[in-house]
Amino acid sequence: MKVLSDVVQSIINVGPSVMLPIIIFIVGLIFRVKPGKALTSGITVGIGMIGINLVINLLTTSVGPAAQAMVKRFGFHLTIIDAGWPAVSAGTWAQPISAVMIPIILVVNVGLILLNLTKTLDIDIWNYWHMIAAAATAYVVTKNWWFAILCGIIYEIAVLIIADKTAPKVAEFYGLDGISFPTGSAAAYGLLGIPIGWVVSKIPGIRKWDVDPQTIQKRFGVFGEPMVMGIVIGMLLAALGGYSVPNILKLGMSMGGVMFLMPRMVKILMEGLIPIQEGAQKLLQEKYGNRKIYLGMDAALSTGSPATLATGLLMVPITLFLAIILPGNRVLPFGDLATIPFFAALIVPSRKGNIVHSVLSATIVMVFALLMATDFGPTLTSMMHGIVAFPKGASEVTNLDTGGNILNWLILKLSQLVQPLFN
């Protein structure tokens, strides 16, 4: 088992910019795309992913320190530290159940496609860790392999269903035709955020607040440009963190750069996916008529939308404020603050890019997420203990990506319920 685990980890460690071209090339050949075209598509997707990762790195390395500065400046005193998704994913991959889950997830996905029970072919293998985290949660609680595998499969099916149902909105709003987002965190936040957003949009007075990037641009001219919106939001975050004027301007320019560059990186990646989509649709039409298939990709593609990125960035100070005032919360938001834009990936399209409605919806979701992350603390602490270094002064850790994820939290509650059966 250790050998299998080491092999899986070495494959994962090469990163999506290497894994995706290989996967795209293989998928292209399966869908009868000419080898040369499939190879070009794979390389183009890999280059697009490199560009996206560079911009995401700019986002996280800029917003992360600003969020940490806010924490220190306002003297938050909460007892469970949000260690962030990198720490939790490391703890997940270290669990003995992780090595067997990747082939199981692949087989289940292909089986569901053949049975016409899903339209999503999840090629985002790196983000399988979300599904494996569900299995790892069940394993940590019950120590039963079969139950843990079952929980991982249940989580996978739930994510694929959500990806299928939201794919039309992803195509309409983001312009990503033939793409769905089976990223576990985005799916879970969307599961709560979409119905909450619908309710928000029906509230008298608020329902008339139509604020999307296009409306802002029409009303405020150059100040409504996405890059300028990014500069303003970046400067706000820096000011809340107590930055000096030069550093406020620097963070503002960084966020302006993110707003400007991300859509262009996503466009490059999509150029590579188009031949694969066309090949898939042609093959499916030959065999099954008008049946459609979606390529499951990382929800990071959603940050190509200024509305999604703006919603996520505005949620950083809001999340910190909620953590202070929310009764029952013990989580100090920290590691996952910079990745909140990805959580909004499915919420924003459901509100047609209305930033006000999206922020209000995400705020309500975050209330539940903080409470779930608090409840998840002991289990995630146990999962990561001895595997990753805890933040300084932290005896208990959790995160918003996994601990604040309703799908994972339901798996946790189910595991705790049946745990006595495995004693």
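The paragraphs below lead through a set of helices in this structure, the contacts between them, and several single residues in the helices and loops around them. The model is a predicted one, and the residue numbers used here run from 1 along the chain as its sequence is written.

A convenient place to begin is helix α4, which covers residues 85-93, together with helix α6, which covers residues 129-142. These two helices pack at an angle of about 60°, and their axes lie 9 Å apart. Because angles from 65 to 115 degrees count as roughly perpendicular and those under 35 as roughly parallel, the pairing of α4 with α6 is described as oblique. The crossing in which α4 passes α6 is left-handed. On the α4 side the contact is formed by W85, V88, S89, T92 and W93, while α6 contributes W129, I132, A133 and A136. Sorted by class, the residues in this contact of α4 with α6 comprise seven nonpolar and two polar ones, with no charged residue.

Helix α4 also meets helix α15, which is made up of residues 355-384. The axes of α4 and α15 come within 8 Å of each other and cross at roughly 60°, and this crossing, too, is left-handed. Here A87, V88, G91 and T92 of α4 meet L380, M383 and M384 of α15. The contact of α4 with α15 holds five nonpolar residues and two polar residues, and again no charged residue takes part. Two residues of α4, V88 and T92, appear in the contact with α6 and also in the contact with α15.

The remaining pairing among these helices is that of α6 with α15, whose axes are 10 Å apart and whose packing angle is about 95°. That angle makes α6 roughly perpendicular to α15. In this contact A133, A136, T137, V140 and V141 of α6 meet F376, T379, S382 and M383 of α15, and by class the contact has six nonpolar, three polar and no charged residues. A133 and A136 of α6 are listed here as well as in the contact with α4, and M383 of α15 meets both α6 and α4.

One residue from another helix touches some of the residues just named. N408 is part of helix α16, which spans residues 406-418, and with a relative accessibility of 1% N408 counts as buried. Leaving aside residues up to four places away in sequence, N408 touches H130, A133, A134, T137, Y155, F376 and T402. Among them, A133 and T137 belong to the α6 side, and F376 to the α15 side, of the contact between those two helices.

Between α4 and α5 runs a loop that contains P96. P96 is partly exposed, with a relative accessible area of 33%, and its C-alpha atom lies 9.3 Å from that of W145, although the two residues are 49 apart in sequence. Helix α5 itself runs through residues 98-114, and its 17 residues should span 24 Å at 1.5 Å a residue; the C-alpha atoms at its ends are 25 Å apart, which agrees. The buried residues of α5 are S98, A99, V100, M101, I102, I105, V108, N109, L112 and I113. Just after α5, N116 takes a positive phi of about 60°.

Most residues other than glycine have a negative phi. Two lysines in loops have a positive value instead. K143, in the loop between α6 and α7, has a positive phi of about 60° and is exposed, with a relative accessible area of 54%. K352, in the loop between α14 and α15, has a phi near 55° and likewise counts as exposed, at 60% relative accessibility.

A further loop, between α7 and β3, holds L176, which in contrast to these lysines is buried, having a relative accessible area of 3%. Apart from residues up to four places away in sequence, L176 touches V170, A171, F181, V266, M270 and L301. L176 and L309 are separated by 133 residues in sequence, and their C-alpha atoms are 16 Å apart in space.

How values were computed: This is a predicted model: local features need pLDDT of at least 70, side-chain atom pairs count only at pLDDT 80 or more; totals for chains, interfaces and linings use all residues. Side-chain values use heavy atoms; hydrogens and water are left out. Helices (H or I, at least four residues) and strands (E, at least two) are DSSP runs, numbered from the N terminus. The expected span of a helix is 1.5 Å times one less than its number of residues. Buried means under 20% relative accessible area, exposed over 50%, partly exposed in between (1.4 Å probe, protein chains only). Axes are lines fitted to C-alpha atoms, for helices over the stretch in contact, and angles run from 0 to 180 degrees between N-to-C directions. Angles under 35 degrees count as roughly parallel, over 145 as roughly antiparallel, 65 to 115 as roughly perpendicular and the rest as oblique. A crossing is left-handed if the near helix is turned anticlockwise from the far one by less than a right angle, and right-handed if clockwise. Contact means heavy atoms within 4.5 Å. Ala, Val, Leu, Ile, Met, Phe, Trp, Tyr, Cys and Pro count as nonpolar, Asp, Glu, Lys and Arg as charged, and the others, Gly among them, as polar.
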